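I opened the notebook to log a few side-chain look-ups. The entries follow the order in which I went through them.

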Amino acid sequence: EELELSVLTPRSDGLWAIDRTTNTIVAIDSEGQIAEASVIDSSQYPGQPWHLASRPAGGLYFSAGEGDSSGVYYISDIGDTPIQVALLPNARGLSLSPDGGTLYAVADADFNVWAFDAATTGELSNRRAVAELFRGDGRYGRQDLQRSYNAAPEGMLADATGRLFVSTFHGLQVFSAAGRLLGIVDFPDVPLEWDRIR
């Protein structure tokens, strides 16, 4: 069976992955074989999965769904029923802090990077905005930028020092652990004046 794996994150004995051919979450064992072909089936609750973040001691957070019914979900292992742990419309990128105690999340059409306290049971609490995404709407004194009122955040990763990296319409935005924008990596084939044809 052909799979189109788009998002990967470690699990205790292999990987979690999203298969875009079926929009399901699959489990891959340490030998690279499919251990479970459909951990989460997008044709059922909660909808299409977008991004994954795994806990160091086991368990998986994932963003899924569209619009107001979307959010962040959690399973502790294969076979568990997903539990919605945060309502976040159009939830996309997720990442855990290096110690696993904080889950970061971004959402399409939202300019905040959100943080939640993440309990060992997977429950989330204490939602707060920790950073504001750069947006090319002139507020930063740059007149040469294409105007965009949606930074369109997608993927996200926290590194070992707690810095956050968020892929957006304007490039890869880099934040300090305290939430200060450090800069934007503008890739040559994805310029700030975005050309969707390239």
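Is Leu15 buried, partly exposed or exposed? I read a relative accessibility of 30% for Leu15, so I logged it as partly exposed. I was working on a predicted model, and I kept that in mind throughout.

**Entry: the leucine patch**

I placed Leu15 in strand 2, which spans residues 14-19. I then looked for its partners on the surface. Leu5, Leu8 and Leu15 make a nonpolar surface patch of about 240 Å².

**Entry: Arg11**

I moved to Arg11, which lies in strand 1 (residues 5-11). Buried or exposed? I asked this of Arg11 before looking at its contacts. Its relative accessible area is 15%, and the cut-off for buried is under 20%. Arg11 is therefore buried.

I listed its contacts next. Arg11 forms a salt bridge with Asp13, at 3.3 Å from N to O. Asp13 has 40% relative accessibility, so I noted it as partly exposed. The bridge thus joins a buried arginine to a partly exposed aspartate.

I also found the side chain of Arg11 at 3.4 Å from the backbone oxygen of Ile28. A ring comes into it as well. Arg11 lies over the face of Trp16, 5.1 Å from the ring centre. My summary for Arg11 has three items: the salt bridge to Asp13, the reach to Ile28 and the place over Trp16.

**Entry: Arg92 and its two glutamates**

I counted salt bridges over the model and got five. Two of those I followed from Arg92, namely to Glu66 and to Glu154.

I took Glu66 to begin with. Its side chain meets that of Arg92 in a salt bridge of 3.7 Å, N to O. The pair links distant parts of the chain, 26 residues apart. Arg92 is in strand 9 (residues 91-96), while Glu66 is in the loop between strand 6 and strand 7. Arg92 is buried, with a relative accessible area of 6%. Glu66 comes out at 44%, so I wrote it down as partly exposed.

I then checked Glu154. Its closest approach to Arg92 between N and O atoms is 4.0 Å, and the pair forms a salt bridge. Which parts does this pair tie together? Glu154 lies in the loop between strand 12 (124-132) and strand 13 (156-158), and Arg92 lies in strand 9, so the parts joined are 62 residues apart in sequence. Glu154 is partly exposed, with a relative accessible area of 31%. Through shared partners, the salt bridges join Glu66, Arg92 and Glu154 into one network.

I noted one more feature of Arg92. Its charged end sits over the ring of Trp50, 3.8 Å from the centre.

**Entry: aromatic pairs**

How many aromatic pairs are there? I counted two. The pair of Tyr61 and Tyr74 is tilted, with 4.8 Å centre to centre and 50 degrees between the planes. It links distant parts of the chain: Tyr61 is in strand 6 (residues 60-64) and Tyr74 in strand 7 (residues 71-75), 13 residues apart. I checked burial for both rings. Tyr61 is buried at a relative accessible area of 0%. Tyr74 is buried too, at 6%.

Why does the pair of Phe62 and Tyr73 count as stacked? The ring centres are 5.6 Å apart and the planes are at 25 degrees, so the pair is stacked; the cut-off is under 30 degrees. This pair also links distant parts of the chain, with Phe62 in strand 6 and Tyr73 in strand 7, 11 residues apart. Phe62 is buried, with a relative accessible area of 0%. Tyr73 has 1% relative accessibility and counts as buried.

**Entry: Thr168**

My final look-up was Thr168, in strand 14 (residues 164-168). Thr168 is buried, with a relative accessible area of 9%. What does its side chain contact? I found a polar atom of the Thr168 side chain 2.8 Å from the backbone oxygen of Gly171. I also found a polar contact of 3.0 Å between the side chains of Thr168 and Gln173.

Methods
Residues are numbered from 1 along each chain as its sequence is written. This is a predicted model: local features need pLDDT of at least 70, side-chain atom pairs count only at pLDDT 80 or more; totals for chains, interfaces and linings use all residues. Side-chain values use heavy atoms; hydrogens and water are left out. Rings of Phe, Tyr and Trp (its six-membered ring) pair if their centres lie within 6.5 Å; planes under 30 degrees apart count as stacked, over 60 as edge-to-face and the rest as tilted. Helices (H or I, at least four residues) and strands (E, at least two) are DSSP runs, numbered from the N terminus. Buried means under 20% relative accessible area, exposed over 50%, partly exposed in between (1.4 Å probe, protein chains only). A charge sits over a ring if NZ of Lys or CZ of Arg is within 6 Å of the ring centre and within 35 degrees of the ring normal. A polar contact is a pair of N or O atoms within 3.5 Å; within protein, one must be able to donate a hydrogen and the other to accept it, and residues adjacent in sequence count only if both atoms are side-chain atoms. Patches are made of residues with over 30% relative accessible area and no salt bridge: like charges are joined within 9 Å, nonpolar side chains (Val, Leu, Ile, Met, Phe, Trp, Tyr) within 5 Å. Accessible areas come from the Shrake-Rupley method with a 1.4 Å probe; for residues, only the protein chains shown count as cover.
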